[in-house]
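Colleague: Could you take me through one helix in this model, up close, and then show me what sits around it? I'd like the whole picture in one go.

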Amino acid sequence: MKVAVIGATGVVGGMILRVLEERNVPVDVLLAYASRDRADGVRFRGANVPVAAATRERLAADRPDVAFFASSDDASAELAGALADAGAIVIDNSATFRLAENVPLVIPEVNPHAVRASDRIFPVANCTAIVLTVALAPIERAVGLRSVRVATYQAVSGAGRAGLDALAGEERGESPDGTFAAPIFRNVVPQVGSYDGDGDTGEEKKVAAETRKMLGRSDLHIAATTVRVPVMRAHSEAVFFETSRATSVDELHDALRKAPGVVLHEHGIVTPRDVEDTDLVHVARVRPESDDTSGTRFQMWIVGDQLRKGAATNGVQILELLIAQGCFAHAEAHAP
Ligand SMILES: NC(=O)c1ccc[n+]([C@@H]2O[C@H](COP(=O)([O-])OP(=O)(O)OC[C@H]3O[C@@H](n4cnc5c(N)ncnc54)[C@H](OP(=O)(O)O)[C@@H]3O)[C@@H](O)[C@H]2O)c1
């Protein structure tokens, strides 16, 4: 299998290379692309892989079987469609295709049934939405959800290499470089993504719309406030939810304990540093709202490494799901 990573020099692209290695995905040829050619390449399985500028012509000539996009909305919009039309599987970390009709938005632990044999483009959902949905899905299955409210505490690496550099620079005493809407060192910034100063930010809209799509609940009320914090890795979320029927912490714990991809902490807390470089979503502090008499209002704290489960790992898991479903059997049968 010939696998391309577009954006291989970025934080998500670099993590895709690592996760492909760690999970021993059957990659025969690895092709790496970025915005420009690089004399120094990227490392994959102990070897140096040259990095080429991603152009339509170059990708068409290289003919990958699978193309991971970890670059930008613009690059995905320009390059992904032609690859899919040529028969490649596209796994795209940008927002370009996520809400398109007839395009599945898949978390393999949550909605693997959303994949159809004819699909070629598989967007990876927004990282905050993935962490949230992994924790909400078992609750939706067990007792149903009536509404969800979430406040997020998002790591700087969610803004890519520029986000990490901005925090490191401010820690060294440099002036803020404009990556974030306000200084990030010793601060919290209640704006993630575009914001016109009135209403939701782009990130808040993505969290609501993509979570609804992945849960298959277009009617679900979701409200989000997304906040950037001076944490390097892993997003945290305080979630307030209402269930469709009365339930108990025991029943919610039971659903979460059995859920694939979830680690339940029945006691104590969990922090972003605890989950850095891991693939599971951690859930703690599940509790009823203190004055609730209906048995339907609860809160929980969730944490997940957004570079891994929120991006790279989820994309690689989609590829593993397609391999397991026999999507590449034809290509392998005809391989030289
Ligand atoms: N960071 C996260 O936690 C996260 C989570 C989920 C989804 N995402 C999404 O994943 C994508 C990558 O994000 P990131 O955080 O990894 O960003 P990043 O660290 O800034 O890396 C961006 C990568 O894209 C490449 N690139 C930029 N413009 C390109 C173009 N026109 N053609 C080809 N390659 C281009 C860059 O190459 P050069 O090195 O040549 O500039 C670099 O390799 C974005 O769509 C982002 O929204 C990020």
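**A close look at helix H6**

Modeller: Let's start with the buried residues of H6, which are Glu203, Glu204, Lys206, Val207, Ala208, Glu210, Thr211, Arg212, Lys213, Met214 and Leu215. Keep in mind that this is a predicted model. That list makes eleven of the 14 residues of the helix, so H6 is largely enclosed by the rest of the structure. H6 itself covers residues 202-215, and at 1.5 Å a residue it should span 20 Å; the C-alpha atoms at its ends are 20 Å apart, which agrees. Right after the helix comes Gly216, with a positive phi near 65 degrees.

So what do the buried residues of H6 pack against? They pack against helix H4 (127-143) and the strands E8 and E9. Let's take those partners in turn.

Strand E9 takes in residues 221-225, and it has two faces: Ile222 and Ala224 are on the covered one, while His221, Ala223 and Thr225 are on the uncovered one. That fits a general pattern: in a regular strand the side chains alternate between the two faces of the sheet. E9 runs parallel to strand E8 (residues 145-153), and five bridges join the two. To pick out one pairing, Ala151 has Thr225 of E9 as its bridge partner.

Both strands belong to an open sheet of six, ordered E9-E8-E10-E13-E12-E11, with mixed pairing. E9 is an edge strand here, as is E11 (262-265), and each of them pairs on one side only. On average, neighbouring strands in this sheet are turned by 25 degrees against each other, ignoring direction. Further into the order, strand E10 (residues 235-243) pairs with strand E13 (residues 297-304) in the antiparallel sense, over eight bridges. One of the pairings there puts Glu237 opposite its bridge partner in E13, Ile302. H4, the helix partner of H6, packs on this sheet as well, touching E8, E10, E11, strand E12 (281-288) and E13. The direction of H4 makes about 30 degrees with that of E10.

Now step back to the chain. The domain assignment gives domain 1 as 2-96 + 312-333 and domain 2 as 128-305. The centres of the two domains, taken over C-alpha atoms, are separated by 28 Å. Five residues from domain 1 and seven residues from domain 2 make the contact. On the domain 1 side, the touching residues divide into two nonpolar, three polar and no charged.

There's another open sheet to look at, this one of seven strands in the order E3-E4-E2-E1-E5-E6-E7, again with mixed pairing. Its edges are strand E3 (38-44) and strand E7 (121-123), each with a single partner strand, so one side of each is left without a neighbour in the sheet. The twist from one strand to the next averages 25 degrees. Within this sheet, strand E1 (residues 2-6) and strand E5 (residues 66-69) pair in the parallel sense over four bridges, and Val3 has Val66 as its bridge partner in E5. Helix H3 (residues 73-85) packs on the sheet, touching E1, E5, strand E6 (89-92) and E7, with its direction at about 160 degrees to that of E6. Helix H9 (residues 308-324) packs on the sheet too, touching E5, E6 and E7, and its direction makes about 155 degrees with that of E6.

Notes. Residues are numbered from 1 along each chain as its sequence is written. This is a predicted model: local features need pLDDT of at least 70, side-chain atom pairs count only at pLDDT 80 or more; totals for chains, interfaces and linings use all residues. Domain bounds come from an automatic or database domain assignment. Two residues are in contact if their C-beta atoms, placed from the backbone, lie within 7 Å. Ala, Val, Leu, Ile, Met, Phe, Trp, Tyr, Cys and Pro count as nonpolar, Asp, Glu, Lys and Arg as charged, and the others, Gly among them, as polar. A residue is buried if 20 or more other C-beta atoms lie within 10 Å of its own, exposed if 12 or fewer, and partly exposed in between; C-beta atoms are placed from the backbone. Two strands pair if DSSP finds at least two bridges between them. Axes are lines fitted to C-alpha atoms, for helices over the stretch in contact, and angles run from 0 to 180 degrees between N-to-C directions. The expected span of a helix is 1.5 Å times one less than its number of residues.
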